[in-house]
Structures are given as C-alpha cells and as structure tokens.
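Dear colleague,

I am handing over the structure we spoke about, and below it you will find my notes on what I found. Please read them with the model open beside you.

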Amino acid sequence: MKTPVTVLGLGAMGTALARAFLAAGHPTTVWNRTPGRSPELDSLGVTRATTAGEAVAATELVVVCLLIDDTVRTTLDGLDLTGRTVVNLTNSTPEQARNTARWATEAGARYLDGGIMAVPAMIGGPAAFIFYSGAEDAFEQHSADLSVLGRPAFVGADPGLAALYDIALLSAMYGMFGGAQHALALAESERVPAVGFTNEFLVPWLTAMLGSLPRMAQDLDDGPAPGAAGSNLAMQSAAYGNLIDASTAQGVDPALLVPMGELLRKTVAAGHGDADMSAAVRMLRTAD
C-alpha cells in the first residue's frame, strides 16, 4: 500500500500535487480554507478533511502548499505535529524557511522545505523537479513518495537551501524573460513579426549563449583559465551604451537593460576589464 499523504492547500499547485498523489495510488487527504475547492478530485477518490487539524491527524506525511509563508504558520499553529513529517512547498525565502523549520521542529515534526521548479501542469511529468532541504532522514524515507510529484533533489540539511536554489533559478528565468521581452519590443517597434523573429533568431541565439554558463561556473569555482578573455568586459561595457541608445530611439523603455550596463561599468572600474562575465558575478555580492 502506498504511503497515505495529506495535502494542505488546493490552489492551482496544491490541486496538481493532490492529483499526482492520487494518480500514483497514494491515499490522499486534502484540506483547503475554502471548502469544496477543486471538486474534480472527488472522482479520483480524495478524502476531504473539514479542518486542518483533522487533515494533519490523518497521515504522517503532510505536504503544505499555501499562498505565502505567513499562512503556513497560521494554519499549523496549535496543531499536534508530533511524529509528523511536514513538507512545506510554499514559496518562501531562505530565512523564512529556516524560521519555519525551527518552529516545526520545536512542535515535534520533522521538517523538509521544498522549491517547486514546475508550473502546475508539469507536476507528475518528466520535466518537473523539486528541491528539498532540511531533515535528511525524512527525505530518505519519503523520497519515493515525493518522486511522484517530480524528480526530487536533496540539496542539504540547511532548511533554507531549497528556497535559495528555487529563487536562484527563478532569478535566472525572469532575467532571461526580461531580456527576451525587451528584444521582442524592439522587433515590434519596426513591425517585425514576433513568431518568425522568435523561432528563427531569438530562441537559437539564447540557446547558443546558454552554452557559456558552464565555463562561467568553472571560472567561479576554480578561477579563470589563463589567457585573454573570449569577450572581455571592457569591450562589452564600451558597446553596451548602444543598447540603451537604440532602445530609446525606438521608443522602447530601456529600464530592463540599464542595471546590466551599470554592473559592467562597475566591474571594469574595479580592474576587471580584461576578464569574462564571471568577474561580474562577485560584483553583485554586497557582503562576503
């Protein structure tokens, strides 16, 4: 028999989590602040709890997916968590995750924090993966159960690490989308068809540029390789103003581009003009 599981929260993501557990044969109890949410789960055999306390008492494995970090504490506060494994998949910051971990542990639970790298439609599919950090013994016990949601990746005993990995990847995604949106706005300013521009040029260009990331990471871990940079920052910084000027002339707000130009200038001014882009990474750090 598959491990029984409770899911607290039936927003779009919580519903997808419950559906994946049910599809994999896990007896699943759900609770939502608004009763009757996601009625399609009833035909799949879900058990509905009338209170959060009833839902938590129903199973040892409790998966929490609520709107914001504050609602996790208010939902679980006062409940008996003794002997429970709480897997918190609510989006949070590393510090929020650490605070919730301390609180849950003091309440008698084993705690895992998670960062979901998927949209609801991807849950249960091959492309979804979820970061976990916190109680390693709990992860080892339930990794097979959690794998029905997406590939589980344990990143450390520090409960804040899953949130850090999550936010780091989301930062990369939004940065990429911001650049792509700016590029599309430029193309649109001259009525260039968006689909052809995207499929023929934008996606292949971004895909090719992603190939430089492993080298950047290697430079950060081991120091830059000897020899001249492939595309040094002094050259990039000198030419970067054209991106701002051309955007302004085309009637496109350059706000998404300005911070990168400032970072390039700062890095060159600090003496790294002959370096590659990896040198700019550490310039972003505000403290050691």
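**Thr59 and its surroundings**

The side chains of Thr59 and Thr6 are joined by a polar contact of 2.8 Å. Please bear in mind here, and in everything that follows, that this is a predicted model. Thr59 sits in the loop between α2 (52–58) and β4 (61–64), and because its relative accessibility is 7%, under the 20% limit, Thr59 counts as buried. Leaving aside residues up to four places away in sequence, Thr59 touches Pro4, Val5, Thr6, Thr29 and Arg84, so that Thr6 appears both in this list of neighbours and as the partner in the side-chain contact.

**Two residues with positive phi**

Most residues other than glycine have a negative phi, and two residues in this model deserve a look for that reason. Ser38 has a positive phi of about 55° although it is not a glycine, and Arg191, also not a glycine, has a positive phi of about 60°.

Ser38 lies in the loop between β2 (28–31) and β3 (47–48), whereas Arg191 lies in the loop between α6 and α7 (194–210). Is each of them buried or exposed? Ser38 is buried, because its relative accessible area of 9% falls under 20%, while Arg191 is exposed, because its relative accessible area of 78% is over 50%.

For Ser38 there is further detail on the surroundings. Residues up to four places away in sequence aside, Ser38 touches Leu10, Thr15 and Arg48, and with Thr15 the side chain of Ser38 makes a polar contact of 2.6 Å. Ser38 and Ala16 are 22 residues apart in sequence, and their C-alpha atoms are 9.8 Å apart in space.

**Helix α4**

Helix α4 covers residues 94–106, and because a helix is expected to span 1.5 Å a residue, its 13 residues should span 18 Å, which agrees with the 18 Å between its end C-alpha atoms. The buried residues of α4 are Pro94, Ala97, Thr100, Ala101, Trp103 and Ala104. An α-helix has 3.6 residues a turn, so residues three or four places apart point the same way, and it may help to keep this in mind when reading the list of buried positions. What do the buried residues of α4 pack against? Their partners are two helices, α3 (69–76) and α6 (161–189), and two strands, β5 (85–88) and β6 (110–117). After α4 comes Gly108, with a positive phi near 100°.

**The protein as a whole**

The protein has eleven helices and eight strands, and its C-alpha trace spans about 65 × 45 × 30 Å along the principal axes. Of its 288 residues, 39% are buried. Among contacts between residues at least 6 apart in sequence, 58% join residues that are at least 24 apart. The accessible surface comes to about 15400 Å², and carbon and sulfur atoms account for 60% of that surface. As for charge, there are 17 positive and 29 negative side chains, and the centres of the two sets lie 3 Å apart.

With best wishes

Conventions:
Residues numbered from 1 in each chain as written. Predicted model: local features only at pLDDT ≥ 70, side-chain atom pairs only at ≥ 80, totals over all residues. Heavy atoms only, no water. Helix = DSSP H or I, 4+ residues; strand = E, 2+ residues; numbered from the N terminus. Expected span 1.5 Å × (residues − 1). Buried < 20%, exposed > 50% of the residue type's maximum accessible area, 1.4 Å probe, protein only. Contact = heavy atoms within 4.5 Å. Areas by Shrake-Rupley, 256 points an atom, 1.4 Å probe, with all protein chains shown as cover. Lys, Arg positive; Asp, Glu negative; His and termini not counted. Charge placed at Lys NZ, Arg CZ, Asp CG, Glu CD. Polar contact = N/O pair within 3.5 Å; in protein donor to acceptor, adjacent residues only side chain to side chain.
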